[in-house]
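Me: I'd like to go through this model with you, one question at a time. Could you show it to me before we start?

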Amino acid sequence: MDQFAVKVFVRLRPSVLDPAGEATKSASIKLGAQGIKSLRIGKMIEVKIEGNGEKEVREKIDLLCDRLFANTVIEDYEYSLEKL
Amino acid sequence: MDNFTVGIVVFPGSNCDRDVSWALEGCLDIRTKYLWHESSDLSDVDAIVIPGGFSYGDYLRCGAIARFSPLINALDEFVKSGKRVLGICNGFQILTESGFLPGALVANKNLNFICDDVELDIVSSKGGWFNYLDEKQTIKLPIAHGEGRYHCDSDTFKKLVDNELIALRYKNNPNGSAFDIAGITNEKGNVLGLMPHPERACDEMIGGTDGLFTLKSLISK
């Protein structure tokens, strides 16, 4: 069995308004940060998982992302995978 | 209809289950039964209410974890049989997460948790959940949510309109919902999800009775 460290990034789709991102952008500007054009907040999920090779682990992570980690009506996801 | 029983689903974090029971039993004399989310036996209930609250603490997304409970898995068969399912607030979020209703519910546009009475236009008669034939086309119900902004893409919206699936629209959209949508049904009409709380508008003593008809319609065929 191989073990992998996976980082999944879940983001609201560009067409979905992100009010928390807007509020944070507004606070960033109040802090004095210049030049912020856009600020959107997502989630990062870290998973340690084992399986027989990268292909099998990717299949598991695809299922998790598609069915649980993200709601694809409103969110997109991507992930990176590192063999431990 | 003497033995008609409405099942009220209870998740860890549900907090409107007792309100729904009070409204059904106390105001409408309809028998109820609490259904713990780990049960998948729906054989002795004739309709189901998924009440409001914060199932699983709204972890990940509202309704995302509840979707995987044994009870929600058993719901597919129940819905296919034509029996009625009403999802209120968090119940609506669970019904969209689990694919019984299209779209999704996301954080309110202004990020506030809104607790207020809202005026709603009755848009569709589908499923007979609202007193459509009455001259009254507008009702007033309370809302209480932080994540009630309905979102769907334009293709889904077209499908909702073409099939008359939009049940309720806000008169003064409080949360930024797409197309002012406050409640929708499935195509068959036996599943209704809505953000407002009909169970909190069942007695004049607490501000109105506009929710009675919707709860009463749980026992209609």
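Reply: Sure, and keep in mind that this is a predicted model. Two residues count as in contact if their C-beta atoms, placed from the backbone, lie within 7 Å.

Me: Okay, so how many residues of chain B are in contact with chain A?
Reply: Let's look at both sides of that meeting point. Chain A brings 9 residues to it, and the residues of chain B in contact with them number 12.

Me: By class, what does the side of chain B that touches chain A have?
Reply: Charged residues account for 3 and polar ones for 4 on that side. The nonpolar residues there number 5.

Me: Why are the buried residues of helix 2 of chain A on the same side?
Reply: Helix 2 covers residues 53-69, and its buried residues include A:Val57, A:Ile61, A:Cys65 and A:Phe69. They end up on the same side of helix 2 of chain A because the arc they cover around the axis is only 75°.

Me: And what do those buried residues of helix 2 of chain A pack against?
Reply: Not the other side's surroundings, for a start: A:Lys55, A:Glu59, A:Asp62, A:Leu63 and A:Asp66 are exposed over there. The buried ones pack against chain A's strand 1 (2-12), strand 2 (43-51) and strand 3 (75-83).

Me: Over in chain B, how many residues of helix 3 are buried?
Reply: This helix runs over residues 90-97 and is mostly covered. Among what covers its buried residues are helix 2 (70-80) and strand 4 (84-88) of chain B. The count of buried residues in helix 3 of chain B is 8 of 8.

Me: Which residue just after helix 3 of chain B takes a positive phi?
Reply: Look right past the end of that helix, where phi is about 85°. The residue is B:Gly99.

Conventions
Residues are numbered from 1 along each chain as its sequence is written. Chains are lettered from A and ligands numbered from 1 in the order in which they are written. This is a predicted model: local features need pLDDT of at least 70, side-chain atom pairs count only at pLDDT 80 or more; totals for chains, interfaces and linings use all residues. A residue is buried if 20 or more other C-beta atoms lie within 10 Å of its own, exposed if 12 or fewer, and partly exposed in between; C-beta atoms are placed from the backbone. Helices (H or I, at least four residues) and strands (E, at least two) are DSSP runs, numbered from the N terminus. The arc is that of the directions from the helix axis to the C-beta atoms. Ala, Val, Leu, Ile, Met, Phe, Trp, Tyr, Cys and Pro count as nonpolar, Asp, Glu, Lys and Arg as charged, and the others, Gly among them, as polar.
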